[in-house]
Amino acid sequence: MSDTITLSHGSGGIQTNKLINELFFKYFNNPILDMMNDAAQIDIDFKKLAFTTDSFVVNPIFFSGGNIGKLAVCGTVNDLAVSGAKPLYLTSAFIIEEGFSIKKLEDIVKSMAEEANKAGVKIVAGDTKVVEKGNADGIFINTSGIGSIYENVNINCANAKVGDVVIINGTLGDHGMTIMCERNELGFKGNLKSDCACLNSLVDVMLEAHEGIHVIRDATRGGVAAVLNEISEFSNVTIAIEENNLPLKEEVKGATEMLGLDPLYIANEGKICVFVEEAYAENVLNSMRKHPLGSDAAIIGKVTEELGKKVYLKTVVGGKRLVDMPSGIQLPRIC
Amino acid sequence: MKFVDEFRNNEYSKKLVEKLNNISKEKMNIMEVCGTHTMSIFRYGIRDVLPSNVNLISGPGCPICVTPQSYIDMALTLCEEEGTIIATFGDMMKVPGKKGSLSKKKSEGADIRIVYSPMDCLEMAKQNPWKKVVFLSVGFETTAPMTAVTAMEAKKRNITNLLFFTAHKIVPPVMNALVKDKDLKIDGFLLPGHVSAIIGTKPFEFLSKDYNISGVVTGFEPLDILQGLITLVSLISKKDYKIENEYKRIVKTDGNSNAEKYLNKAFNIVDSSWRGIGRIPKSGLEFNSEYEDFDALKYFKINYEEYDGSPGCKCGEILKGKIKPTDCQLFKKLCTPENPVGSCMVSSEGTCAAYYRYHKDIT
């Protein structure tokens, strides 16, 4: 491991995993943490709970489709939901830079309340720290959340099985490309909007109606590529996806093409990858499509082999290539 | 943006693949010069659908890869200069030098900022009047005009705290060096689409005229590449030596005269060192006397001598297309994108990075 932290340690790819495995797991090691699910699944007095935490450091703080506060609520709610839990309570901690506008803070807090309300969760504890100017970038927010795991639901990233169909609830890369465009560093603006949303009501619909769902994972940092690689690693299976079937907005297609980026690696904040037994796939897909956050849901691939721990893409020309774990931060090409 | 789907169409792809497989059985070596082509070819799994007689070789067209070792070492020295902001393309961040990498220097506190265009440096210089902004100015004919325009604009606006550490290179001379290399037998070139958009197709005509080698300019979408290959394989099999343009929606025969005008206004053509390949006459660009005040090395009065190479790294042989990344003993063992030994593993356009990321048969 390198001797200093670089930006790639926070990118959700290989370096992040290395830091987690070689440092945090080395000291915090326990069977619950080792499961590496989006939320810890814990038993307290015979009650199964999901418990998770996440920190948010997005720049710009306000973007089309949301802000850091909405993101902080959605991110934690989604981590609970994809663990098969009903999200119940959140905490929120703010680290605010001296000089930050109270009006902006109110806008952020207001949208957190709105989002929590929509998702049916309560923000029940919090903390505020203010640091000197220059010691933070405006505002950082941490949220932790607790939820109650539904009975007879066993969703886990080690559960993918041969024959499982991979479904995504909509278009790839909307959040990441929105943020990149709005940082104003690319010299062009698109009609892009972050997909930031609480997905618990969508997950509820899926779980209520159908058995056969083995894995649900939200595809945030590192994009769909990172999530599929994690699932193939933990379930010890090979996954094949079809390039033709990947849902993409025209704007994202255009922007990624122009910059030489691969939408599979771009962050989402309202997308889940679902692994379902083939017999139930059509039903799950149909019920997802009836929900507003799943109207563009599509089958993107399949678990093809036991063992292997690889993810392949069948390309538009009929070739096949590896989709590996992202490494470092995603950067536009030079020429 | 329109015309993305059209060039990724599944049905047309199938037809083109079929056509490509029925042109010739003759064995042939085709080099794709440009790193973005290398990446596209892997990304769309095109190697998988090629006829077995066509051997694709990746060439030296990755700007970060061909920048010599001494350049990154000097950049690491420049970022230690008091009151300096280093502005760079992101790809440069992880290139290993003797004293670490820019990414490591940044984490240790050096002021290093990723930019998407040299023009971003104008604003950066304006907002930091007490500092010197040094742009790490690398790239081929595609990026050099932007450097030229930025320097011109800085001159016009009287911005005096913006400097450039330039290592721009031009593509046709390195191709000339490759075709002269007796160990390499190249039957045809997929010519770089972006570079050709600037310089046009004429600078590649020496290939067909002097060496009986055909070339086809093509774009970067799967249909572009397949069509480019069909035309090239046909030319080679018919021994019809010429340069064709299959990227007419972007590339004109005479190139982009404005961009060339900017290049000529700011730069002189000079000899230049390419990583692993060596010094090639008239293959680099350096600010001319009118713009030499923008030259960071002259400003800091630094004596800079070019040198090459990390021990054991086969980047040079790979850039020349003599070996594949899988033939390098370091590949995927000591040299990975997280811990790169050579620049070909770092850059998003590097051949080793392409093999590492996309090659499905390497374990």
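Okay, so which residues of chain A form a nonpolar patch on the surface? They are A:Leu23, A:Phe24, A:Tyr27, A:Phe28 and A:Leu33, and together they have about 500 Å² of accessible area. Before I go on, keep in mind that this is a predicted model.

Back to the patch. Which helix gives the most to it? That's helix α1 of chain A, residues 14–28, with four residues. A:Phe28 is found in that helix, α1 of chain A. And is A:Phe28 buried or exposed? Its relative accessibility is 52%, and exposed means over 50%, so A:Phe28 counts as exposed.

Let's stay in chain A and look at the sheets. One is an open sheet of five strands, in the order β1-β2-β7-β5-β6, with mixed pairing. At the edges stand β1 and β6, the latter being residues 122–131 of chain A; each has a single partner strand, so one side of each is left without a neighbour in the sheet. From one strand to the next, the twist in this sheet averages 20 degrees.

Now the pairings inside that sheet. Strand β1 of chain A, residues 40–44, runs antiparallel to strand β2 of chain A, residues 47–56, and five bridges join the two. If you want a register point to click on, A:Asp43 stands opposite A:Lys48 in β2(A). The hairpin of β1(A) and β2(A) has two residues between the strands, and A:Asp45 takes a positive phi there, near 45 degrees. So that's one for anybody who likes looking at backbone torsions.

Moving across, β2(A) also pairs with strand β7 of chain A, residues 139–149, in the antiparallel sense over eight bridges. Here the register point is A:Thr52, which stands opposite A:Gly145 in β7(A).

Next sheet, still chain A. Seven strands form this open one, and the order is β9-β11-β8-β12-β10-β13-β14, again with mixed pairing. Which strands stand at the edges? Those are β9, residues 213–218, and β14, residues 320–322, of chain A; each has a single partner strand, so one side of each lacks a neighbour in the sheet. The twist here averages 25 degrees from one strand to the next.

At the β14 end, strand β13 of chain A, residues 311–314, and β14(A) run antiparallel, joined by three bridges. Two lysines face each other in that pairing: A:Lys314 stands opposite A:Lys320 in β14(A).

Over to chain B for a parallel case. Strand β1 of chain B, residues 28–34, pairs with β2(B) in the parallel sense, over six bridges. For the register, the bridge partner of B:Met28 in β2(B) is B:Val54. How does the chain cross from β1(B) to β2(B)? It goes through helix α2 of chain B, residues 35–43, and this β-α-β crossover is right-handed. As for cover, β2 of chain B, residues 54–61, is mostly tucked away, with seven of its eight residues buried.

Last topic, charges. How many salt bridges does the structure hold over all chains? There are 32. I've picked out a few.

In chain A, A:Asp127 forms a salt bridge with A:Lys129, and the closest N and O atoms are 2.9 Å apart. A:Asp127 has a relative accessible area of 34%, so it is partly exposed; A:Lys129 is partly exposed too, at 45%.

In chain B, the side chains of B:Arg113 and B:Asp111 meet in a salt bridge, at 2.9 Å from N to O. B:Arg113 is partly exposed, with a relative accessible area of 29%. B:Asp111 has 22% relative accessibility, and buried means under 20%, so B:Asp111 counts as partly exposed.

Also in chain B, B:Lys242 forms a salt bridge with B:Asp240, where the closest N and O atoms are 3.5 Å apart. Both ends are partly exposed: B:Lys242 has a relative accessible area of 33%, and B:Asp240 is at 28%.

And one that goes beyond a pair: A:Asp38, A:Arg217 and A:Glu230 are linked in a network of salt bridges. If you've got the model open, have a look at that trio.

That's it from me.

Conventions
Residues numbered from 1 in each chain as written. Chains lettered and ligands numbered in written order. Predicted model: local features only at pLDDT ≥ 70, side-chain atom pairs only at ≥ 80, totals over all residues. Heavy atoms only, no water. Buried < 20%, exposed > 50% of the residue type's maximum accessible area, 1.4 Å probe, protein only. Pairing = 2+ DSSP bridges. Right-handed = clockwise from strand over helix to strand, strands pointing away. Patch = residues over 30% accessible without salt bridge, like charges linked within 9 Å, V, L, I, M, F, W, Y side chains within 5 Å. Areas by Shrake-Rupley, 256 points an atom, 1.4 Å probe, with all protein chains shown as cover. Salt bridge = Lys/Arg side-chain N within 4 Å of Asp/Glu carboxyl O. Axes fitted to C-alpha atoms, helices over the stretch in contact; angles between N-to-C directions.
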